[in-house]
Amino acid sequence: MNDATRRGLAELSLSFERRYGATPLLFRAPGRVNLIGEHTDYNDGFVLPAALDLATFVAIAPRTDRLIKVHSANLDRSFTFDLDVAQERRRDWSDYVRGVAVELGATGHRLPGADIAIWSTLPMGSGLSASAALEVAVGYALMSVAGEPIDRLELAKASQSAENAFVGMRCGIMDQYISCHGIEGCALLLDCRSLEATPIRIDSRARIVVANTMVHHQLAGSAYNERRLDCEQAVAILYKAIDGVAALRDIDTAQLEMHAHLLPGRIARRARHVVTENARTLEMAAALEAGALETSGRLMNASHASLRDDYEVSCPELDLMVDLARGAPGAYGARMTGGGFGGCVVSLVEATAAESFAARVAPAYEKETGLAPVIFSCFPAAGAGSVAI
Ligand code: GLA
């Protein structure tokens, strides 16, 4: 934790005491950057995310009644709800909080009422999973004050359900899983079917650099759900032609080529992205483990092309940032990360060139778009937990 975060947390704790008159316990849940394996999680496939040191922090103290009182320090907004009253979707940030309380309640946890204050160092809507971090941080804090042992997988699933059912975004499990299970210094190769993860240590000769395009196109939510439907349509057709196909995960590139004529053009392109992306993800995990940084970079570049051309979830700002990143000295490769339509680009950069990377890329991006990007190197962090200041 850096000094600015430590100061912010001290301020969160103080303002909690002023607001609620009690000393809080503190918890954090990280955002994530996905190195490769995009739009594969809801196809039972493979992903390779790392938890960030940017996180959402929750200050909490239990109450004797069943009210949950919440204040967001970032938004300077508050709301209250009653755990004993059925909750409805409000289409604002409170949905993430109410959703996770409802989902944990539905899985049999008896949560106490609580006073809560939230503060985040994650930019909202930038594709770094600020929403998953919010769900997981609140869920972790509520389970802790309930005195319940924390089952990280159950918390990840309850947080994902909150987003699916309450927010209406049919996201996969990746963001909530990595926020719960992150390991310092490592990305996790996650099999989204078995939910088994293998830590992949990031080579000390390389840095993961994130560049925020500072755009977020409105399309994101609805287009995401449309992509899921396209994948489901592909499976519904391929399942009749190939034995044992329950998800696009079950098809390899040779099988897809052989049966692609059965699929309408757009659906075939969506399926090709997912099938090739699964293969690239396994290949990149192996390449990173072997220290093959050039190969890793090449796979990231191929992933971006597939997301742009076949899956159609990129946008001009992401494509521009990717081009500039690849042109910077010491860059192995770059791609969009997260759901798409804005947000961030992730690059793999030679450690010695990481400093000069931002100085090279940022002015060029700003010159073309008029937007000042935020660019930073990240060291993979641990998953959710309690914090002491
Ligand atoms: C969003 C979703 C994830 C995943 C990515 C795309 O971040 O929350 O579940 O599908 O998009 O890889």
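These exercises treat the ligand site and the two sheets of a predicted model.

The model is predicted, so local features need pLDDT of at least 70, side-chain atom pairs count only at pLDDT 80 or more, and totals for chains, interfaces and linings use all residues. Residues are numbered from 1 along each chain as its sequence is written, and side-chain values use heavy atoms, with hydrogens and water left out.

**Exercise 1. The ligand site**

Task: list the residues that surround the ligand, sort them by class, and find polar contacts to Arg32, His39 and Gly172.

Solution.

Step 1. A residue is near the ligand if one of its heavy atoms lies within 4 Å of it. The shell consists of Arg32, Glu38, His39, Asp41, Tyr42, Cys171, Gly172, Met174, Asp175, Tyr224, Gly338 and Gly339.

Step 2. Ala, Val, Leu, Ile, Met, Phe, Trp, Tyr, Cys and Pro count as nonpolar, Asp, Glu, Lys and Arg as charged, and the others, Gly among them, as polar. On that basis the shell has four nonpolar, four polar and four charged residues.

Step 3. A polar contact is a pair of N or O atoms within 3.5 Å. The side chain of Arg32 has an N or O atom 3.0 Å from a ligand oxygen. From the backbone, His39 places an N or O atom 2.7 Å from an oxygen of the ligand, and a polar backbone atom of Gly172 is 2.9 Å from a ligand oxygen.

Step 4. On its own the ligand has 310 Å² of accessible area (Shrake-Rupley method, 1.4 Å probe), of which the protein covers 95%.

**Exercise 2. The six-stranded sheet**

Task: give the strand order of the open sheet of six strands, name its edges, and place the helices that pack on it.

Solution.

Step 1. Helices (H or I, at least four residues) and strands (E, at least two) are DSSP runs, numbered from the N terminus; two strands pair if DSSP finds at least two bridges between them. The order is 5-4-6-3-1-13, and the pairing is mixed.

Step 2. Strand 5 (77-82) and strand 13 (385-386) are the edges, each pairing on one side only.

Step 3. Strand 1 (residues 25-34) runs antiparallel to strand 3 (residues 49-62), with nine bridges between them; Phe27 has Val58 as its bridge partner in strand 3.

Step 4. Contact means heavy atoms within 4.5 Å; axes are lines fitted to C-alpha atoms, for helices over the stretch in contact, and angles run from 0 to 180 degrees between N-to-C directions. Helix 1 (residues 3-20) touches strand 1, strand 3, strand 4 (67-72), strand 5 and strand 6 (114-120), at about 150° to strand 6. Helix 2 (residues 94-106) touches strand 4, strand 5 and strand 6, at about 25° to strand 5.

Step 5. Strand 4 and strand 5 are antiparallel, with six bridges, and form a hairpin with four residues between them. Ser72 is the bridge partner of Arg77, and Asp76 in the turn has a positive phi of about 50°.

**Exercise 3. The three-stranded sheet**

Task: describe the open sheet of three strands and the helix that lies across it.

Solution.

Step 1. The order is 2-7-8, with antiparallel pairing. Strand 2 (46-47) and strand 8 (196-201) are the edges.

Step 2. Two bridges join strand 2 to strand 7 (residues 186-191), where Val47 stands opposite Leu190.

Step 3. Strand 7 and strand 8 share six bridges, and Cys186 pairs with Arg201. In the turn of their hairpin, Leu195 has a positive phi of about 60°.

Step 4. Helix 5 (residues 174-181) lies across strand 2, strand 7 and strand 8, at about 135° to strand 7.

Terms used. A polar contact is a pair of N or O atoms within 3.5 Å; within protein, one must be able to donate a hydrogen and the other to accept it, and residues adjacent in sequence count only if both atoms are side-chain atoms.
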